[in-house]
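Q: I would like to learn how to read the features of a predicted complex one at a time. Could you take me through this one, giving the general idea before each case?

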Amino acid sequence: MVLMIDTTTRQIGKGIAKELLRSGRNAAGFELIDTTGMHISHCVGCNYCWLKTPGVCVIQDDYEPILRKMSTADQVWLVSDTHFGFVSWQTKNIVDRIMPLVTMYLKFKDGQMRHVMRYDHQPDLGIIYTGNGDQAYLERWCQRTALNLGSHSLGVFSESNGREAVSCML
Amino acid sequence: MHVVIINGSPRVRKDSNTEKIIAAFAKGLSEKGVTFETYAVSERKTWDSIRDAYIRNDEILIALPLYVECVPGLLLEFMETLPGKDTHTRLSFLLQSGFAEGCQLRCGEAFLEKLPEYLGVRYGGCLVKGDNFGIRILEEEKQAQVTGPYQAMGRLFAEGDGFLREEAKKFTGPENFPLPIRLLMGLIFKTLAKKMFQKAAASWGCSVPLDEKVWETSKD
């Protein structure tokens, strides 16, 4: 399943979804989450999802259903506005709160410390952005973030290259 | 010199590892006669005062924990409210993380290196250091041991070159651990560390395995 999480103020995810459906490429299922009007807090770093209520975030807002979908998706596409060349704080909050999918336990993978993942299945991660994103930095960040999930980066695409992103969707 | 120190951690101040690092760092500043004022973005009600302090002063230090390879969402949100300034203002960073190796913090550091330009200010360098996960759960004496080295970095900062000197760069420690150390640590992760984490969890009232798969619906 391809999951798209759209935090952009212009809600550009809709257009990309249309493009995907029109292309007829996606056979594995598709879902678009538009976060407009949702209450999604930032991660408060309490570590409860590792040490007190393993796998469960104690913040009760609109986030958990999104995380559940992320945990089963094959691809997660973050559709984000950009500031300082980077994803918006709205998108970063969504990524910061993936910690319940990660356990407290540690291991070495490819020579670096990593957390042991809670579930066996991990989604690959891609970014579609509006505005003046720093393409090279976003690619680096997306790759590193996917590495932490034990998955792969699907690539980073500006809004104008949305069609290319669609061609990477299952 | 007068430094505005902003704790960029979203965690409440009393439990913040970054706060404890700042305290040690500030001791070093005081020893050299440098004054400072501290703020925390976790206290959202104070954002107007933090922004005022940022506007009124020209020596700013943001200390922050690494959150998923970059700046925590809450700090990003705060920073979007900052007005542009000029290069009379110097912005330095202290970036800390749980993971121990230097290589883990470089992606976050790369963002911070470019950030001052977006804000119109001058970059004062970034002090980079991992292995800080457990500070808040350590006993006071051990806590002092872990945060102690930051005091020396406070003294270095007081000399006026931000974190641009070689001593600050060396502070990070090893970029990667050599293979024998990794093998040894890997063994500890599978045994002692697991027990230690489970014990810490029990003291927080947790009675289930830390790697429990809570959502059965998750794909295998």
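**Reading a two-chain model**

A: Asp211(B) is found in the segment after H8 of chain B, where helices (H or I, at least four residues) and strands (E, at least two) are DSSP runs numbered from the N terminus. This is a predicted model, in which local features need pLDDT of at least 70 and side-chain atom pairs count only at pLDDT 80 or more, while totals for chains, interfaces and linings use all residues. Residues are numbered from 1 along each chain as its sequence is written, and chains are lettered from A and ligands numbered from 1 in the order in which they are written.

Q: Is Asp211(B) buried, exposed or partly exposed, and which residues is Asp211(B) in contact with?

A: A residue is buried if 20 or more other C-beta atoms lie within 10 Å of its own, exposed if 12 or fewer, and partly exposed in between, with the C-beta atoms placed from the backbone. Asp211(B) has 17 other C-beta atoms within 10 Å and is therefore partly exposed. Two residues are in contact if their C-beta atoms, placed from the backbone, lie within 7 Å. Leaving aside neighbours within four places in sequence, Asp211(B) is in contact with Thr103(A), Tyr105(A), Val116(A) and Arg118(A). The C-alpha atoms of Asp211(B) and Met185(B), by comparison, are separated by 19 Å, with their positions 26 residues apart along the chain.

Q: What confidence values does the model carry?

A: The pLDDT is the predictor's confidence in each residue, from 0 to 100. Chain B averages a pLDDT of 95, and 98% of the residues score at least 70. The model scores ipTM 0.96 and pTM 0.96.

Q: How many residues does each chain give to the contact, and which elements of chain B take part?

A: The size of an interface is often given as the accessible area lost when the parts come together. Here the description is by residues in contact, with 48 residues from chain B and 43 residues from chain A. On the side of chain B that touches chain A, the elements that give two or more residues are helix H3 (73–79), helix H4 (106–119), helix H7 (179–190) and helix H8 (192–203) of chain B. The largest share of that side, six residues, comes from H4(B). By class, the side of chain B that touches chain A has 27 nonpolar, eight polar and 13 charged residues, where Ala, Val, Leu, Ile, Met, Phe, Trp, Tyr, Cys and Pro count as nonpolar, Asp, Glu, Lys and Arg as charged, and the others, Gly among them, as polar.

Q: How is chain B organised along the sequence and in space?

A: Chain B has eight helices and five strands, and read along the sequence it follows the pattern β-α-β-α-β-α-β-α-β-α-α-α-α. The radius of gyration is taken over C-alpha atoms, and the globule rule is 2.2 Å times the number of residues to the power 0.38. The radius of gyration of chain B is 19 Å, close to the 17 Å that the rule gives for 220 residues, so chain B is as compact as a globular protein of that length. Domain bounds come from an automatic or database domain assignment, which for chain B gives domain 1 (2–170) and domain 2 (177–220). The C-alpha centres of these two domains of chain B lie 29 Å apart.

Q: Which residues of helix H1 of chain A are buried, and which are exposed?

A: In helix H1 (residues 13–23) of chain A, Gly13(A), Ile16(A), Ala17(A) and Leu20(A) are buried. Seen down the axis of H1(A), the buried residues fall within an arc of 100°, so they line one face of the helix; the arc is that of the directions from the helix axis to the C-beta atoms. On the other side of H1(A), Lys18(A) and Arg22(A) are exposed. The buried residues of H1(A) pack against S1, strand S2 (30–34), S3, strand S8 (124–129) and H6 of chain A.

Q: Why can helix H4 of chain A be called largely enclosed?

A: Eight of the eight residues of helix H4 (residues 89–96) of chain A are buried, so H4(A) is largely enclosed by the rest of the structure. Among the elements that cover the buried residues of H4(A) are helix H3 (64–72) and helix H5 (135–149) of chain A, together with H3 of chain B.
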